[in-house]
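Here are my notes for anyone opening this model for the first time. Have the viewer ready and go through the points in order.

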Amino acid sequence: MDLVTWNINSVRAREDRLVHWLDHFQPDVLCLQETKVVDEAFPRARCEALGYHVSHYGQKAYNGVAILSRSEPEDVVCGFDDGQPEDEQSRLIGARIDGVRIVSAYFPNGGRMGSDKYAYKLGWMKRLRAMLDARFDPAAPLALCGDYNVAPFPDDVANPDVYEGSVLANDDVRGALADIADFGLVDVFRPFHPRGHVWSWWDYRAGSFQRDEGLRIDHVFCTAPLAERVIGASVDRPEREGTGASDHAPVRVRFAQRAPTSPLWPPQAP
DNA sequence: ATGGTAGACGCTCTA
């Protein structure tokens with residue numbers, strides 16, 4: 001199974017790029033964030049023409065998440081759906097695809113430290129952990145894919161002077177991420193890039209991509225029965241090049257049908 | 001200098 005997560009930063013501005021990318025890579029599942037359109041405005045027909053089912057939970061101007069899949073999605077759930085008043089922002093969609101629970105998540109950015117947006121981010125992450133506890137089983141295959149807006153380690157940050165201590169990289173937000181992972185999820189990307197310094201997002205400003213000053217904030221965290229099947233993970237850097245690119249690159253993960261005899265995860269000592 | 005750029009919306013917000 002080829003699984004990809006990509007913050008596309010407006011599906012309207014990047015419709016042609018999306019269609020060409022899908023046609024070229026043909027992943028089994030593509031999770032999108034920041035589509036920035038209502039459901040009716042998603043380019044559904046062009047995706048379906050390429051053989052994809054589209055599950056989209058959008059809103060006007062901001063946010064918006066989607067799951068595109070070659071197999072028909074089952075049990076599609078939008079938002080937290082946890083019995084509390086729903087989050088007004090469209091940041092979560094989930095579906096079961098080929099027996100695997102897929103979640104496409106757009107974590108709040110958090111604005112500035114100490115802001116209302118930052119408090120919303122921490123609350124949102126707590127609520128996500130509670131939702132996982134209430135609905136899912138860590139012993140069943142699940143992939144939490146998306147723009148987490150958190151760089152897990154210092155070496156996931158190119159420019160620590162600017163970003164360490166920010167809403168994307170500080171002890172509290174890393175603690176909130178660790179609490180989510182404590183449900184029973186592991187970062188399946190990092191073991192393939194143990195020295196870090198692999199980025200998934202580069203600020204549009206100050207020539208960050210040209211200087212290769214980015215952060216790794218887009219992730220695929222999986223429960224053990226899925227994590228033991230991972231056989232590769234990479235960032236599609238070329239998609240970030242040139243004009244008209246999203247500020248995020250797609251993050252790709254490949255899973256074997258069954259767990260390999262010598263698992264790549266967790267990494268084996270030499 | 002609360003900077004720089006990009007997208008959506010409509011002159012301001014979000015990232």
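The points below go from the sheet to a helix and then to the DNA.

1. Before anything else, keep in mind that this is a predicted model. Everything below describes that prediction.

2. Start with the sheet. It's an open one with six strands, and the pairing is mixed. Going across, the order reads β5-β6-β7-β8-β10-β9. The edge places go to β5 (74-78) and β9 (186-187); each has a single partner strand, so one side of each has no neighbour in the sheet.

3. Next, look at how α3 sits against this sheet. The helix packs on it and touches β5, β6, β7 and β8. Its direction makes about 25° with that of β6.

4. Now for α3 itself, which covers residues 116-135, 20 residues in all. From first C-alpha to last it reaches 28 Å, close to the 28 Å expected at 1.5 Å a residue.

5. Which residues of α3 are buried? They are Y118, K121, W124, M125, R127, L128, R129, M131 and L132. Their cover includes the strands β6 (92-97), β7 (100-106) and β8 (142-147), along with the helix α5 (171-181).

6. Back in the sheet, β10 (residues 218-222) deserves a closer look. With β8 it pairs in the antiparallel sense, over five bridges. To find the register, note that C145 stands opposite V220, while A143 stands opposite C222. On the β9 side, two bridges make the join, again with the strands running antiparallel; there, D187 has F221 as its bridge partner.

7. Is β10 mostly covered or mostly open? Mostly covered: five of its five residues are buried. D218, V220 and C222 point one way from the strand, whereas H219 and F221 point the other way. Both sets are buried.

8. Finally, the DNA. There are 14 residues around DNA strand B, and the closest are S10, K60, Y62, K117 and R205. Of the atoms of DNA strand B that come within 4 Å of the protein, 67% belong to sugar and phosphate.

9. Three side chains are worth clicking on here. In R14, an N or O atom of the side chain is 3.2 Å from a phosphate oxygen of DNA strand B. K117 also has a phosphate oxygen of that strand beside it, 3.1 Å from a polar side-chain atom. For Y62 the partner is a base oxygen of DNA strand B, 3.2 Å from an N or O atom in the side chain.

Conventions
Residues are numbered from 1 along each chain as its sequence is written. Chains are lettered from A and ligands numbered from 1 in the order in which they are written. This is a predicted model: local features need pLDDT of at least 70, side-chain atom pairs count only at pLDDT 80 or more; totals for chains, interfaces and linings use all residues. Side-chain values use heavy atoms; hydrogens and water are left out. Helices (H or I, at least four residues) and strands (E, at least two) are DSSP runs, numbered from the N terminus. The expected span of a helix is 1.5 Å times one less than its number of residues. Buried means under 20% relative accessible area, exposed over 50%, partly exposed in between (1.4 Å probe, protein chains only). Contact means heavy atoms within 4.5 Å. Two strands pair if DSSP finds at least two bridges between them. Axes are lines fitted to C-alpha atoms, for helices over the stretch in contact, and angles run from 0 to 180 degrees between N-to-C directions. A residue is near a molecule or strand if one of its heavy atoms lies within 4 Å of it. A polar contact is a pair of N or O atoms within 3.5 Å; within protein, one must be able to donate a hydrogen and the other to accept it, and residues adjacent in sequence count only if both atoms are side-chain atoms.
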